[in-house]
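Subject: Handing over the structure

Hello,

Here is the structure I promised to pass on to you. Please open it alongside this email, and I will walk you through what turned up.

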Amino acid sequence: MNEESSLSGSGAYTTRERAAIIVSCMLGFALDLYDVLIMPFLMSSIQASLDISLAHVASITSLTLAGSVIGGALFGWLGDRIGRKQALQLTLGVFAAGSIASAFAWNYPSLAILRFITGVGLGGEWGAGMVLFNEAWNKDRRGLGSAFIQGSAVLASAGASIVGVWATTSFSLEWGWRIALLTGGAPLVLMIFIRFFMPESKAWLQFDRARKSGLVERTVSTTNTLVLMFRGKLLRISVMCLAWMMAYMFSYYGVVVFMPTLMQKSLAAPPEVVRNISVIASIVGGCSYISMGALNDAFGRRFGALVPGVSWAVMAGCLYLFAHDKYAGSLLGFPMFWTYIAFVIGNSALGVVGTWLSEIYPIEVRSTAVSVVYMAGRGVGSLAPVVVPLAAAAFGGELATGMLVVAPAIVLFLVMTLSLPETRGRELAGVGKRDLGRQAA
C-alpha cells in the first residue's frame, strides 16, 4: 500500500446524515433483538399450534442464533466488499423476509429452516450498522453514541413483551404467534429509510476507490477478509477479541435467562416483585449504558469495559453469598435485588464493544471482523442456557450454583479487557501499510 496520506481525509458528514446513521443503527439493533426476545412469549402457542415438543420449540431460538453466526461472517464480508450501506440493506431484507415467511410455517422443520434464515439476516445487521456508525461519528463521542445504540435494547425488550402478550391473548391459538412474527417484517420500512436518507461510509468509499485504482496492495484487495483477520499481527488480536466477546455473551445469557426463575421459584419472591425488579433494573441498565458511554469517551475503551466487568464480579460474589436468602417482604432488603442491579450495570460493557472493535481493526477487514467477533460470541452465549441447568444438576440441583458457571467467563472477560489495546481517539478514515501493523500492535 501507499502512505496513509493518500487515503486520508474522507470528508465531513452533515448533521442530517449523522442523525440518519444513528437512528438507523438504533432501530436496526432494536429490531434485531426484538425478533430474538419475542420468541419466549410465543413458545407455548407455537408448541400447541404445531403440536411439537417443548424441546423442539425451544431449539428454534438456538437455530436462529446459529444462523446469526453465519450471517455475521457473510454480511461482514459483503460490508467490506460492496459497502456498509448495501450490506446493511441486504441483511435487513433477509431478516425481514425470513421473519415474515416464518409466520406461515406449517410444521417444525419449516419453522426451523425459516427461523435459521431469519438468523442469517439478523447476523449481519449489527456489524454493518455499527461499523458505519463508528466510521462516520466524531472520534471523541463514539463511546456515547455506541452506548445509545446498544441501549436501544430497552426498547426491544419492552416491545417484545408488549407485542408478544398482545398477539397471543388477542388472537386465536393458530394466529396469535403468526401475527407476532409478522411484525418482524418491520425492517422493510427501515430499508426504505436507509435507501433514501442514510449515506455510505465515506471512509469505505475512499478505500474502495484506492483499491480499484491499485493503491492497495494486491494481497489485501484480493484475499478473503475472513482470512485476513486471522493473518499476521491480527491473528493474536482476533483470538483475544473472540475470547473477550464469547466470555461476555456466555456470562450474560448464563444469568439473564435464569435470574427471574431463581428469584421467584428458589427465593420465594412474588411475581409482582420480580416484575418490579425487572422494571427498576431496566431503568438502571439504561442509565448505566449512557454513563459508561460518556466515561469511556473520557477515560478510554478499556475503562468502559473494565468497570462493568468488575460489577459482574461483584454480582458473582453476591450470587454465591446470598443464594439462599429468600425474599422477606422488603425489596431493598432482598439481597438478590442488589445482585441483579450489579448484573445489569455489568451488562453495559456491551456499549463499548462496537466502538472498540471498530477502532481495533483496519478498514479492509473491519466489517468482517466486527460482525464475526460479535456473532461468534452470541453463538457461544446460546450454549449457556444449556450448560447452566447441567451444572446445577451436577452440583446438587441448586440453580444459583449452576449459574456460577459464568464465574470463569467473567474472569476471562476481565483478563481480555486488560489485554486488548487502548484505541480511544483513533481515526478511522484512512489505511496504509503501516496502519495494519499499528492497529494490531
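Helices here are DSSP runs of at least four residues, numbered from the N terminus. With that in hand, Ala268 can be placed in the loop between helix H14 (259–266) and H15. Please keep in mind that this is a predicted model.

Let me stay with the loops for a moment. Ala268 has a positive phi of about 60 degrees although it is not a glycine. Its relative accessibility is 43%, so Ala268 counts as partly exposed. Asp51 also has a positive phi, near 55 degrees, and is a residue other than glycine. You will find Asp51 in the loop between helix H2 (39–50) and helix H3 (54–82). With a relative accessible area of 70%, Asp51 is exposed.

Another loop residue to look at is Phe230, which sits between helix H12 (225–228) and H13. Phe230 counts as partly exposed, at 32% relative accessibility. Leaving aside residues up to four places away in sequence, Phe230 touches Leu235, Ser238 and Leu242. Phe230 and Ala369 are 139 residues apart in sequence, while their C-alpha atoms are 9.3 Å apart in space.

Following the chain into helix H13 (residues 233–256), you come to Ala247. Is Ala247 buried or exposed? Ala247 counts as buried because its relative accessibility is 4%, and the cut-off for buried is under 20%. Its contacts, not counting residues up to four places away in sequence, are Ala409, Leu412 and Phe413. Ala247 and Leu428 are 181 residues apart along the chain, and 27 Å separates their C-alpha atoms.

Now to the aromatic rings. The count comes to 17 aromatic pairs. One of them joins Tyr252 and Phe343 in a stacked arrangement, 6.1 Å centre to centre with 15 degrees between the planes. Tyr252 lies in helix H13 and Phe343 in helix H17 (residues 335–347), so this pair ties together parts that are 91 residues apart in sequence. Tyr252 counts as partly exposed at 23% relative accessibility, whereas Phe343, at 0%, counts as buried. Both rings belong to a cluster linked by ring pairs, whose members are Trp244, Tyr248, Tyr252, Tyr253, Trp312, Tyr340, Phe343, Trp356 and Phe413. You may recognise Phe413 from the contacts of Ala247.

Charges sit over rings in this model too. The charged end of Lys202 is over the ring of Tyr13, 4.7 Å from its centre. Arg195 lies over the face of Phe196, at 5.4 Å from the ring centre.

How do helices H6 and H15 pack? Helix H6 (residues 142–151) and helix H15 (residues 271–299) meet at an angle of about 160 degrees, with their axes 7 Å apart. Angles over 145 degrees count as roughly antiparallel, so that is the description for H6 and H15. H6 passes H15 in a right-handed crossing. On the H6 side, the residues in contact include Leu144, Ala147 and Phe148; on the H15 side, they include Tyr289, Ile290 and Gly293.

One last stop is Ser102, in helix H4 (residues 84–102). Ser102 counts as buried, at 0% relative accessibility. Beyond residues up to four places away in sequence, Ser102 touches Leu111, Leu114, Arg115, Thr118, Trp177 and Leu181.

Enjoy exploring it!

Best wishes

Terms used: Residues are numbered from 1 along each chain as its sequence is written. This is a predicted model: local features need pLDDT of at least 70, side-chain atom pairs count only at pLDDT 80 or more; totals for chains, interfaces and linings use all residues. Side-chain values use heavy atoms; hydrogens and water are left out. Helices (H or I, at least four residues) and strands (E, at least two) are DSSP runs, numbered from the N terminus. Buried means under 20% relative accessible area, exposed over 50%, partly exposed in between (1.4 Å probe, protein chains only). Contact means heavy atoms within 4.5 Å. Rings of Phe, Tyr and Trp (its six-membered ring) pair if their centres lie within 6.5 Å; planes under 30 degrees apart count as stacked, over 60 as edge-to-face and the rest as tilted. A charge sits over a ring if NZ of Lys or CZ of Arg is within 6 Å of the ring centre and within 35 degrees of the ring normal. Axes are lines fitted to C-alpha atoms, for helices over the stretch in contact, and angles run from 0 to 180 degrees between N-to-C directions. Angles under 35 degrees count as roughly parallel, over 145 as roughly antiparallel, 65 to 115 as roughly perpendicular and the rest as oblique. A crossing is left-handed if the near helix is turned anticlockwise from the far one by less than a right angle, and right-handed if clockwise.
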